[in-house]
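Trainee: I am new to this structure. Please take one part of it and go through that part closely, after a short word on the whole.

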Amino acid sequence: MIRRPPRSTQSRSSAASDVYKRQALGMSITTDDDVLEAGKRLLEQLEPDNLLLTLGSKGMVLFESNGNVSTIPTIARHIADVSGAGDTAIATLAAAIAGGAIVTEAAMLANFASGAVCEIPGVVPITYELLENAIKKSNNLYLNKIVVKT
């Protein structure tokens, strides 16, 4: 059973998230190798077509059913508020896939979107304009940094 961490823990940056991860996976995630191991465990346990792990300021890792693992880094930006970033990532990923994007494209858009809303204080919705500006500001540097392992 996954238990909710104490209320005082939730107010700290990622402490609550870390507690959930340890309980769900039976392991701490502190290194890149831990992320790969966690992704493999989740793929085995849940049997999804694809799995996207969000890593906050470290970006995202996409585990595809074909065995590819893509590391999607973040772009340096001024962070005002991380509230809603995870929800934005999920919503953008789902909308992009529903619109016909392949999962790697959808994950890249989700990363851009979640980063963009972090630049604005408070919980804000992702808009087409915000997403478009985030992509333009990256100047395609982002696309050259994605690492795919098979």
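**A close look at helix α3 and what surrounds it in the chain**

Mentor: The protein chain contains 6 helices and 4 strands. The model is a predicted one. Along the sequence, the elements come in the pattern α-α-α-β-β-β-α-α-α-β. The protein chain has 150 residues, and buried residues make up 32% of them. The exposed surface of the protein chain is about 9300 Å², with 54% supplied by carbon and sulfur atoms. Among contacts with a separation of 6 or more, 45% are between residues 24 or more positions apart.

Now the part itself. Helix α3 has 15 residues, and from its first C-alpha to its last the helix reaches 21 Å, close to the 21 Å expected at 1.5 Å a residue. Its buried residues are Asp34, Val35, Ala38, Gly39 and Leu42. These residues cover an arc of only 135 degrees around the axis, which puts them on the same side of α3. The general background is that an α-helix has 3.6 residues a turn, so residues three or four places apart point the same way. On the other side of α3, Asp33 and Glu44 are exposed.

What follows the helix is also worth a look. Just after α3, glutamate 47 takes a positive phi of about 55 degrees, although glutamate 47 is not a glycine. Glutamate 47 is found in the loop between α3 (32–46) and β1 (50–54). With a relative accessibility of 66%, glutamate 47 counts as exposed, because the cut-off for that word is over 50%.

Further along, strand β2 (residues 60–64) pairs with strand β3 (residues 69–72) in the antiparallel sense, over 4 bridges. Leucine 62 stands opposite serine 70 in β3. The two strands β2 and β3 form a hairpin with 4 residues between them, and in the turn glycine 67 has a positive phi of about 100 degrees.

For contrast with α3, consider helix α5 (residues 103–118). At 1.5 Å a residue, its 16 residues should span 22 Å, and its end C-alpha atoms are 23 Å apart, which agrees. Of the 16 residues of α5, 13 are buried, so α5 is largely enclosed by the rest of the structure.

Helix α4 (residues 85–98) holds threonine 92. Threonine 92 has a relative accessible area of 9% and is therefore buried, the cut-off being under 20%. A polar atom of the threonine 92 side chain lies 2.8 Å from the backbone oxygen of threonine 88. Leaving out residues up to four places away in sequence, threonine 92 touches Leu109, Ala110, Ala113 and Ile126.

Threonine 88 comes up again with valine 124, a residue in the loop between α5 and α6 (128–138). With residues up to four places away in sequence not counted, valine 124 touches Thr88 and Val117. Valine 124 and alanine 85 are 39 residues apart in sequence, and their C-alpha atoms are 9.2 Å apart in space.

To return to α3: the helix has its buried residues, including Val35 and Leu42, on the same side, has Asp33 and Glu44 exposed on the other side, and is followed by glutamate 47 with its positive phi.

How values were computed: Residues are numbered from 1 along each chain as its sequence is written. This is a predicted model: local features need pLDDT of at least 70, side-chain atom pairs count only at pLDDT 80 or more; totals for chains, interfaces and linings use all residues. Side-chain values use heavy atoms; hydrogens and water are left out. The expected span of a helix is 1.5 Å times one less than its number of residues. Buried means under 20% relative accessible area, exposed over 50%, partly exposed in between (1.4 Å probe, protein chains only). Two strands pair if DSSP finds at least two bridges between them. Contact means heavy atoms within 4.5 Å. Accessible areas come from the Shrake-Rupley method with a 1.4 Å probe; for residues, only the protein chains shown count as cover. The arc is that of the directions from the helix axis to the C-beta atoms. A polar contact is a pair of N or O atoms within 3.5 Å; within protein, one must be able to donate a hydrogen and the other to accept it, and residues adjacent in sequence count only if both atoms are side-chain atoms.
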